Every structure is written in structure tokens, then in C-alpha cells.
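Trainee: I should like to learn how the burial pattern of a helix is read. Could you take me through one case?

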Amino acid sequence: MRIRYLTLANFRGLKDKSFDFSGDNVSIYGSNGTGKTTTANAISYLMTDAPSTGEKDFSPKTEGAHNLNHTAEMEVVDNNGEIHKYKKDFHEVWKKKRGSRTEEFSGHEVSYAIDGVPTKKKDYDAAMEALCGGDAKRALMLSKVGYFAEEMPWQERRKILFDVCGAVSDAEIIEKAGLEELKDVLKMPGGGTYAPEDYMQIAKAQRCTLNKKLDELPARIDELARTLPEGEAAGADWLTDTEAAIQKLEQEKTDALAAASADTHISACQAAVAGIKTQIEKNRAAHLAAQNRHVNEGAKRTGAIREVLHGMEDNLRKLHDEKAEAESKLIYMKQKRE
């Protein structure tokens with residue numbers, strides 16, 4: 001595919017600019033700020049909907065402009081010698097709301113055209129892919145700085161490199177990288193050898209299973225913690241059952257850790273297990289602290305009740321004395337009355 005002409009209108013800082021490339025290889029020279037990068041971004045924008053510089057949220061709009069059409073159009077000769085024109089028109093959208101006399105700004109939209117005929121985005125993108133040999137990423141690799149090395153998924157980048165340079169076998173990699181132990185890891189139980197990609201999928205599935213088990217442990221610990229009795233200290237039987245449950249959880253944790261250690265790709269599980277162990281110890285300490293707190297609170301309540309009881313006994317003795325004194329005084333007054 002060769003570019004014959006490029007025409008820009010209100011595209012970033014270029015108000016009205018045309019280039020006659022004639023389908024040749026060209027170089028553009030100019031001082032800073034004269035539009036060299038903008039021209040490259042315009043071509044990449046037309047082909048891939050992204051600038052060659054990788055700028056985020058790229059917009060062809062001229063800064064500070066309103067109610068303008070920001071357009072880029074190129075005329076190309078495809079691989080079959082046919083000539084076509086491709087155009088994008090970025091513009092503001094103004095709408096009049098019901099009951100309002102004036103229009104209000106509601107955003108931007110892009111209009112697409114092929115050979116002067118308006119078209120939909122999906123049809124335009126399909127035409128660009130066809131123009132690039134069926135793969136628009138080729139245009140990204142050629143026009144967008146750093147796309148191949150930094151943005152393309154490594155699996156696709158690896159495939160392209162192997163297509164260009166020739167594939168390298170797993171055996172060669174294992175030998176040259178000193179990964180002899182990997183041979184034993186990749187052995188299948190019934191004979192044969194896993195492909196590294198297949199084994200990674202198996203390892204990920206195992207990790208997910210272990211993570212689910214590890215995720216369940218804190219909930220079970222919380223459930224156990226909720227069974228802590230309130231009030232007086234727990235009885236010996238409850239403590240025995242609790243200790244057995246904690247030991248069971250610790251054994252499950254140990255089993256999960258042993259299974260996780262078999263997979264060198266899931267060391268993160270070990271950190272999670274360590275955290276669970278710490279949580280078990282915290283819960284155990286919290287349980288003992290709760291027991292001591294309940295005992296102390298019980299002792300305080302008992303002491304307070306005893307003080308109240310002693311006060312009531314003192315009051316009762318005083319009332320008995322007052323009663324005896326009143327009865328004696330009553331007898332004296334009756335005698336005096338007689």
C-alpha cells in the first residue's frame with residue numbers, strides 16, 4: 001500500500017495542509033512545532049485510530065477551536081493497483097433539548113467516508129485491515145513508536161519473532177537456560193511430556209483450587225471466633241473442643257502449604273498461609289484475653305454486689321434498732337397517758 005496524497009484541515013495545529021507523496025518514500029523536515037509529528041499522527045490515526053506517538057485520549061481537535069470539522073484524508077494505491085480515498089471527520093455535536101431555544105454541546109463524534117461515500121466505523125476498520133494485508137496490527141507496528149516492543153501482547157510478539165527468525169524448541173531453551181529440573185516437572189503421569197503452556201494452565205488451575213481453600217480458612221476461623229461464650233469463662237469441655245478445631249485448621253493449613261510448595265508458580269499462597277497462621281494465633285490470644293476479661297469483670301461485679309449487700313445489711317440493722325427504740329417509746333407514752 002502506498003500513500004499518494006494526504007490532506008489535513010484543522011487537524012491539531014495544521015489548519016489547511018496538503019502533501020503530495022506520489023506513493024514514494026518521503027522525509028519531512030521542519031522546525032519544532034511546525035507539524036512533523038502531527039503529520040505522522042494523522043496517517044496513523046487514519047489507519048489505526050491511534051497516534052504514532054501513543055498519546056492517551058488522542059484527539060485531532062485543534063485546541064481552543066469550536067464548531068469546526070477536524071478532518072484527515074488520504075488517497076492510497078493498494079496492492080492491486082486500485083486507488084481509494086479514506087477520510088475521518090472529527091467534530092462537535094450540538095443538540096437542542098426539548099423546550100429549549102438554544103443548542104447545547106453534547107460531545108464529539110467521528111464520521112467516516114471511503115471514496116467520498118459515508119460509511120460506518122466497522123466497515124471503515126475492515127477496509128483498513130484489508131489495506132494492511134488483513135491485519136491492522138501491521139500498520140501499528142510500522143507507524144506507532146514502541147508498539148511492537150512495549151504494547152503488543154508478548155504471545156503475539158513471540159509468534160512474529162519466530163515467524164521471522166525461526167522457532168526455538170523447548171529442549172533447546174531448557175538446555176541453554178540451565179532449566180534441567182523443568183524436564184521432571186513437565187513429565188506427564190502416564191508418560192509423555194507437557195508443553196510448558198499446558199503445564200502453566202494446570203498450575204493455574206491448581207493455584208485457584210488452593211486459593212479457594214485458603215480463602216475459606218479465615219471465614220471458618222471467624223465462625224469459630226463467633227462461638228466464643230460471653231459472660232463467665234468457658235468450661236473445660238468447650239476449651240478442649242476449641243483447641244481441637246484450631247488444630248484441625250492448622251493441619252488443613254499445613255496440607256495446603258505442602259500442596260502449594262509443590263508448585264513453584266504459587267509462592268504467593270505461602271504468604272497467605274502465613275497470614276492465616278498469624279490470624280489463628282491472634283484469635284487464640286484474643287480468646288484467652290476474652291476469658292481473662294470475663295473473669296475480671298465477674299470478680300468486679302461480685303465485689304460490687306457484696307458491697308451493696310453489706311450496705312443493705314447495715315441499713316437493716318439500723319432499721320431493727322430504730323424499731324426497738326420506737327416500740328420502747330410507744331410503751332412509755334402509753335404508760336404516761338394512763
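Mentor: Let us begin with the exposed side. This is a predicted model, and in helix α2 the residues K122 and A130 are exposed.

Trainee: Which residues of helix α2 (residues 121-131) are buried?

Mentor: The general idea comes first. An α-helix has 3.6 residues a turn, so residues three or four places apart point the same way. In this structure, the buried residues of α2 are Y124, A127, M128 and L131. Seen down the axis of α2, these buried residues fall within an arc of 100 degrees, so they line one face of the helix. K122 and A130 lie on the other side of α2.

Trainee: What covers the buried residues of α2?

Mentor: The cover includes the helix α1 (36-48) and the strands β3 (69-77), β4 (83-96), β5 (103-114) and β6 (117-119).

Trainee: What phi does G133 take, just after α2?

Mentor: G133 takes a positive phi of about 80 degrees.

Trainee: How many disulfides are counted?

Mentor: A disulfide is a covalent bond between the sulfur atoms of two cysteines. Here the count comes to 0 disulfides. As for burial, C132 counts as buried, at 11% relative accessibility, while C208 is partly exposed, with a relative accessible area of 45%.

Trainee: How should the chain as a whole be described?

Mentor: Its secondary structure comes to 10 helices and 6 strands. Of the 338 residues, 24% are buried. The chain exposes about 23500 Å², of which carbon and sulfur atoms supply 52%. Among contacts with a separation of 6 or more, 51% are between residues 24 or more positions apart.

How values were computed:
Residues numbered from 1 in each chain as written. Predicted model: local features only at pLDDT ≥ 70, side-chain atom pairs only at ≥ 80, totals over all residues. Heavy atoms only, no water. Helix = DSSP H or I, 4+ residues; strand = E, 2+ residues; numbered from the N terminus. Buried < 20%, exposed > 50% of the residue type's maximum accessible area, 1.4 Å probe, protein only. Contact = heavy atoms within 4.5 Å. Areas by Shrake-Rupley, 256 points an atom, 1.4 Å probe, with all protein chains shown as cover. Disulfide = S-S within 2.5 Å. Arc of directions from axis to C-beta.
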